[in-house]
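Got the viewer open and the sequence panel docked beside it? Keep a hand on the selection box, and we'll go stop by stop.

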Amino acid sequence: MSDLIVHQVNITNYRLMELSKLADQYKPFYDWVEKKAKAITHSHKLLNAILLESSPSQIKAILSACYFDATIEKPVLFDGVGRVYKHQRACFYFFAWVIRDAPQQRLTPLITRMHHYNPQLHQTQAQIDTLTELIVAYRKVVGGFEWNVVREIFIDRLEGSRRSIRGHKLEAFVRTALITSIQNHFSIHNHYGQFQRIEIQDKQVKIQNHTVDVSAVFHPKDSDLPTLHLFMPIKTRETSGGGHAHLFSRDILMAIQTLKAHVSNCKIAVTIVAENWSVSEIGNLDNLVDLIFHFNMNPYIFEGFDDNSQVKLNQFVGGILNGE
């Protein structure tokens, strides 16, 4: 989407565009919950109708089926900077978000208090019981659970979590793009290709003296195959010229050489955000990595992957998942 200019002033809502893109990656999880709900209730109806019409025991069974699903290949949920939640926490947030605000700050302390009255009560069961009662009690108040409705809730929750996390802006954009590419494949095929699960790191990883901002570990279904590491270094340069351009490129090259020397089975996709970076320098780097994105702009105005770049990453990740 191009910038929105009114009377020569840019009024583009970059935040909405980025958070909407991130919220759209919740759709595979929503669809997964819907399939669980249909299986439990033997219903042909959509998730909205099931949650509005099911009995308390059916609601509890749906939540339990989601919480305790043993399938390895499942969609994921994540916070505002793309850090993936563990599965049961993701289930808790998903259902809590659609029926009550601030589950971590306000609901979790109440659930924790239940344990004081009943020390034998497991926290997971307390969560399921609580969410069941909330859904049954307030489902007519909230009105519905259609995707278009809960998508707006997810955007709001993502914005809140992003505000609470200082820094990590560029890292968040790149991790968002990576999650988008993985979820895109899952939404189409309902699996992760030749891999049983993908572990997206929630913080930088350090290899020797170099840190990588965004990375993922691909665990193959075939135990005879090696684990695959995807590294996505991010390099930025605020100035558009000067004598430090070659040093900037040299730092990137050294980092890539270190990654290749110490991790045998890896893919490397570099994101560069810098103005007027040398074409020859790009060529030198392109020969050493699997994929390179160069955004010719100051990093302060970078607002995430554009549509063409996202499609390019989708194809690259799809190729990894398919073993190409």
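Here is a tour of strands, salt bridges, a surface patch and a few single residues.

Before you click, note that this is a predicted model, where local features need pLDDT of at least 70, side-chain atom pairs count only at pLDDT 80 or more, and totals for chains, interfaces and linings use all residues. Residues are numbered from 1 along each chain as its sequence is written, and side-chain values use heavy atoms, with hydrogens and water left out.

**Stop one: strand β9**

Select residues 266–274, which make up strand β9. Helices (H or I, at least four residues) and strands (E, at least two) are DSSP runs here, numbered from the N terminus. Is β9 largely enclosed or not enclosed by the rest of the structure? Eight of its nine residues are buried, so the strand is largely enclosed. For that label, buried means under 20% relative accessible area, exposed means over 50%, and partly exposed is in between (1.4 Å probe, protein chains only).

Now bring up the partners of β9. Two strands count as paired if DSSP finds at least two bridges between them. Add residues 228–232, strand β7, which runs parallel to β9 with three bridges joining the two; look for H229 opposite C266. Next add β8, residues 234–237, also parallel to β9 and joined to it by four bridges. Here I234 faces T271. Finish with β10, residues 291–295, paired with β9 in the parallel sense over five bridges. A handy marker is V273, which stands opposite F295.

**Stop two: a nonpolar patch**

Jump to L4, V6, V9 and I11 and switch on the surface. Together these four make a nonpolar surface patch of about 320 Å². Patches are made of residues with over 30% relative accessible area and no salt bridge, with like charges joined within 9 Å and nonpolar side chains (Val, Leu, Ile, Met, Phe, Trp, Tyr) within 5 Å. Accessible areas come from the Shrake-Rupley method with a 1.4 Å probe, and for residues only the protein chains shown count as cover. Zoom in on V6: this residue belongs to strand β1 (residues 5–6) and is partly exposed at 36% relative accessible area.

**Stop three: T130 in helix α7**

Select residues 123–142 for helix α7, then pick out T130 within this helix. At 11% relative accessibility, T130 counts as buried. What does the T130 side chain reach? Its target is the backbone oxygen of A126, at 2.7 Å. Leaving aside neighbours within four places in sequence, T130 is in contact (heavy atoms within 4.5 Å) with L107, I111 and M114, so show those as sticks too.

**Stop four: salt bridges**

How many salt bridges does the structure hold? Twelve, where a salt bridge is a side-chain nitrogen of Lys or Arg within 4 Å of a carboxyl oxygen of Asp or Glu. Try these:

- E53 and K45 meet at 2.7 Å, N to O. E53 is exposed at 52% relative accessibility, while K45 is partly exposed at 32%.
- D69 and K74 meet at 4.0 Å, N to O. Both ends are buried, D69 at 12% and K74 at 14%.
- R197 and E199 meet at 3.9 Å, N to O. Both are partly exposed, R197 at 36% and E199 at 34%.

While the charged side chains are showing, add D24, R151 and E152, which are joined into one network by salt bridges that share partners.

**Stop five: positive phi**

Go to H42, in the loop between α2 (27–41) and α3 (47–53). Its phi is near 55°, a positive value in a residue other than glycine. H42 is exposed, with a relative accessible area of 73%.

Then head for N190, in the loop between α9 and β3 (195–200). The phi of N190 is near 65°, again a positive value in a residue other than glycine, and N190 is partly exposed at 43%.

**Last stop: H189**

Step back to H189, in helix α9 (residues 169–189). H189 is partly exposed, with a relative accessible area of 39%. To end, draw a distance line from the C-alpha of H189 to that of L19: the two are 170 residues apart along the chain, and their C-alpha atoms are separated by 24 Å.

Technical notes. A polar contact is a pair of N or O atoms within 3.5 Å; within protein, one must be able to donate a hydrogen and the other to accept it, and residues adjacent in sequence count only if both atoms are side-chain atoms.
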